[in-house]
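Reader: I have a structure open and would like to go through it with you. Could we begin with a term I will need?

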Amino acid sequence: MKNNNVIILLMVFLMMAIFNAQSVFAAKLEKVIIGHPAALSGKYAKAGEQAVAGIQAAVDWVNSVHGGIAVDGKKVPLDYKYYDCESRKESVTSLLERLITSDKVHFTFAPYSSGLTLAGAPIAEKYGMVYMDHGGASDKIFRQGFEYVVQTIGPGSRYHAGTLEMIKKIDPTTNPHPKKIALAYEDSEFARSVMDGAEEKAKELGFDIVFKRTYPKGVTDLTPLLSDLKAAAPDVVIGGGHFQDGQLLNKQMADLGINTRLLSLIAAATLPAFGEALGEFAEGVMGPSHWEYGVTFSKEGAAKEGLTWIGPSQDEYVKLFKKAVGSDTLPDYHAAEASAAVLALVLAVEKVNSVDPDVVRDALGELKFMSFYGNWDIDKTGKQVGHAMVDVQWQKGERKIVWPESAKTADVVYPKPDFK
Amino acid sequence: MIFEQLSGNLLQGVILGGVYGMATMGLSLIFGVLKVVNVGHGAFIMVGAYVALILFQTLGIAPPLAVPVALILGMALGMLFYYTAIKKLLKGPELASLLATFSIGVILEEVCKQLFTSEARGYHWGLDKLDLGFTVLPYSKLIAFGGSILVGLLLYLWFHKTRAGMAMRSVVEDDEGAGVCGINVDWEYALSFSIGIGLTVVSGVLLTMFIPVGINPYMGGSYTLKAFVIAVLGGLASPYGAFFGGLVFGLIENGSYTLFAQIPGLEPFAMTRFFSFVMLLVILLIRPTGLLRTK
């Protein structure tokens with residue numbers, strides 16, 4: 001009898017222990033945390049600052065408007081933890097380890113740029129953590145067999161598809177027909193991916209690639225390369241890599257009097273500082289962009305396409321962004337794509353009611369939605385295939401969306417005015 | 001066509017090399033007198049670039065007129081960092097001053113980031129250009145080149161024709177002997193560091209006349225690497241050697257591009273760097289003290 005009482009008592013304690021353990025486990029998810037080794041200083045500081053503010057704006061919207069993330073039948077706040085990786089690969093890997101093992105984040109975000117995104121991906125894979133790529137456009141990222149990388153920025157290979165189609169469409173009969181294309185770009189993962197894509201598309205459309213040369217990172221003078229390019233007499237120049245080199249390329253093309261029908265620069269030409277730095281030399285210069293203030297994505301548009309809508313409207317987003325940066329700065333596409341990555345994650349978590357990385361990764365694979373940033377859809381490798389780009393052009397000191405026709409805020413100036 | 005390109009590139013290389021040389025003179029001066037390797041060198045070039053940018057954008061001051069402002073600011077910064085950090089570390093291990101100058105560079109970058117944001121900025125002076133047929137030279141580049149030669153010349157005259165300059169040279173030769181002769185060695189050290197930083201900040205102004213875009217807090221890194229190559233090429237402790245080292249570096253960089261571009265399958269720009277370092281090794285093997293270093 002005495003033994004039976006002891007057994008009953010033990011069973012009661014055991015049941016209580018199990019019950020308590022479950023309560024403790026359930027209580028653990030008081031918030032969902034995303035971790036981010038952000039490029040807040042160093043080479044990519046500008047884009048990194050935009051991305052951090054973009055994530056903060058999206059987190060603000062999730063918590064204050066959306067009411068948090070719905071998991072396990074209740075809404076919990078979304079928390080954002082980030083450290084400065086100084087635009088250095090070695091810092092990215094160590095900070096990701098710290099975020100995952102010490103800060104116990106639920107999901108990770110990649111830093112800006114393809115190179116830094118690639119550097120962090122093996123760490124996320126090692127721990128089986130979803131790794132949201134908001135600023136790494138290189139197609140190479142998705143040829144490595146990574147399972148947890150999910151892209152929001154469009155792949156580099158598609159940056160100039162619209163630009164080249166535009167030339168083909170608006171300039172089909174000019175005599176001589178623009179045939180010759182020159183590619184002059186930074187020797188970086190991102191730029192290589194963009195230019196290989198442009199080359200492929202150009203050949204498909206019947207253009208000739210008459211010049212394809214790289215320049216090293218941190219270049220301070222492009223005169224030799226541009227003298228070489230001038231000799232090829234191209235109709236169209238597509239080039240650049242990031243910010244400083246893009247400005248340098250434009251300035252030294254103007255210095256050497258290299259005039260073309262179209263000049264399109266990746267990254268640099270889409271930032272406000274470009275026009276300020278180049279002055280009249282920026283006139284007519286174009287650049288592909290993932291998002292620009294003025295694009296018209298809306299809840300109604302999403303309904304028409306039969307897509308789920310999430311997030312703020314464009315104007316609401318701009319307000320949230322300005323609140324996050326604490327100034328009157330407008331978001332650029334680096335901010336918008338980071339914000340859209342947060343919204344994708346929220347939708348996926350809510351869809352599967354879980355923060356389990358494998359389950360959420362599967363849900364992201366099935367996800368199709370629209371936000372202020374535009375459409376979002378990924379393929380099996382995690383590469384973004386739903387988002388379309390726009391082309392912007394500097395016209396009288398302002399950036400205008402000139403392509404595609406459905407999104408344009410101004411007609412394209414073509415051919416581009418000559419440098420004076 | 002190739003000859004035309006080569007001539008154009010060599011001329012552009014000489015002009016750029018002159019400015020590079022000027023940008024290295026401060027580094028060589030500081031090493032020559034204090035035996036301190038200023039790894040924060042590029043950050044001071046960046047400060048000069050911001051001086052030119054801000055004066056042009058806010059007050060409309062033409063970049064050449066920013067040179068005196070840059071010199072005064074640079075010398076003041078030099079004095080400040082000498083008395084707060086460098087002086088105490090001169091007798092310590094070499095690594096201490098190396099880390100100190102690295103830290104100063106990082107501090108300057110972050111202060112500039114807070115003041116001016118990390119945006120890559122630029123200015124548009126709008127001067128005309130000289131079309132030589134085989135190449136085009138903007139007048140701003142020619143002014144930058146002329147300014148570099150002038151600054152180098154003034155430094156030479158100061159060193160050789162003034163008592164203060166000769167006092168500094170005597171400290172380079174033998175600091176103990178100079179002290180015995182009544183020269184205030186500590187002041188000479190402070191002055192050398194200050195002039196070295198002043199020259200570097202001035203070179204930042206001149207570099208923006210060559211490349212007035214891409215000005216950002218982290219732009220100095222590329223120049224630091226180039227400056228070290230040029231300084232070693234010219235003789236690490238010789239400011240004039242640095243100037244000629246710059247000319248040689250500019251010629252090698254720009255000239256070799258045209259030659260490598262003729263070889264199919266090569267990326268000429270990548271090869272110019274390779275070639276620059278090979279040339280550096282060859283010159284050092286033949287003349288280990290650099291081009292103009294004298295014992």
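Author: Certainly. A residue is called buried if 20 or more other C-beta atoms lie within 10 Å of its own. Please also keep in mind that this is a predicted model.

Reader: Thank you. Which residues of β11(A) point one way, and which the other way?

Author: L262(A), S264(A) and I266(A) point one way, while L263(A) and L265(A) point the other way. All of them are buried. In other words, five of the five residues of strand β11 (residues 262–266) of chain A are covered.

Reader: Which strand is joined to β11(A), and by how many bridges?

Author: Strand β10 (residues 236–240) of chain A is joined to β11(A) by five bridges, and the two run parallel. Within this pairing, I238(A) has S264(A) as its bridge partner in β11(A).

Reader: Which strands form the open sheet with mixed pairing?

Author: That sheet has three strands in chain A, in the order β13-β14-β15. Its edge strands, β13 (308–309) and β15 (374–377), each pair on one side only.

Reader: In what sense do β14 and β15(A) pair?

Author: Strand β14 (residues 368–371) of chain A pairs with β15(A) in the antiparallel sense, over four bridges. There, M370(A) stands opposite N375(A) of β15(A).

Reader: Let us step back to chain A as a whole. How many helices and strands are there?

Author: Chain A contains 13 helices and 17 strands. Its radius of gyration is 24 Å, close to the 22 Å from the globule rule for 420 residues, so chain A is as compact as a globular protein of that length. The C-alpha trace spans about 105 × 45 × 40 Å along its principal axes. Of the 420 residues, 55% count as buried.

Reader: How is chain A divided into domains?

Author: There are two: domain 1 covers 31–154 + 293–377, and domain 2 covers 158–289 + 390–407. Their C-alpha centres lie 29 Å apart.

Reader: How many residues of each domain are in contact with the other?

Author: In chain A, 15 residues of domain 1 are in contact with twelve residues of domain 2. On the domain 1 side, helix α4 (residues 114–127) of chain A gives the most, with three residues. By class, the residues on that side of domain 1 are four nonpolar, seven polar and four charged.

Reader: What about the loop before α4 of chain A; is S113(A) buried or exposed?

Author: S113(A), in the loop between β5 (107–109) and α4 of chain A, counts as buried because 26 C-beta neighbours lie inside 10 Å. Its phi is positive, about 95°, although S113(A) is not a glycine.

Reader: Why is that worth pointing out?

Author: Most residues other than glycine have a negative phi.

Reader: Where does P155(A) lie?

Author: P155(A) is in the loop between β7 (149–151) and α5 (161–170) of chain A. With 22 other C-beta atoms within 10 Å, P155(A) is buried. Leaving aside residues up to four places away in sequence, P155(A) touches A137(A), D139(A), K383(A) and Q384(A).

Reader: Changing topic: why does the length of α12 (residues 333–352) of chain A agree with what is expected?

Author: At 1.5 Å a residue, its 20 residues should span 28 Å, and the end C-alpha atoms are 29 Å apart, so the two agree. Of those 20 residues, 17 are buried. The helix is followed by N353(A), whose phi is positive, near 55°.

Reader: Which peptide bond near the end of β17 is cis?

Author: The bond from W403(A) to P404(A) is cis, with omega near 5°. P404(A) is found in the segment after β17 (398–403) of chain A. The bond from Y414(A) to P415(A) is also cis, with omega near -5°.

Reader: Finally, how many residues does each chain bring to the contact between chain A and chain B?

Author: The contact takes 35 residues from chain B and 35 from chain A. On the chain B side, α1(B) gives the largest share, five residues. That side has 14 nonpolar, 14 polar and seven charged residues.

Conventions: Residues numbered from 1 in each chain as written. Chains lettered and ligands numbered in written order. Predicted model: local features only at pLDDT ≥ 70, side-chain atom pairs only at ≥ 80, totals over all residues. Domains from an automatic or database assignment. Contact = placed C-beta atoms within 7 Å. Nonpolar A, V, L, I, M, F, W, Y, C, P; charged D, E, K, R; others polar. Expected span 1.5 Å × (residues − 1). Buried ≥ 20, exposed ≤ 12 C-beta atoms within 10 Å, placed from the backbone. Rg over C-alpha atoms; globule rule 2.2 N^0.38 Å. Pairing = 2+ DSSP bridges.
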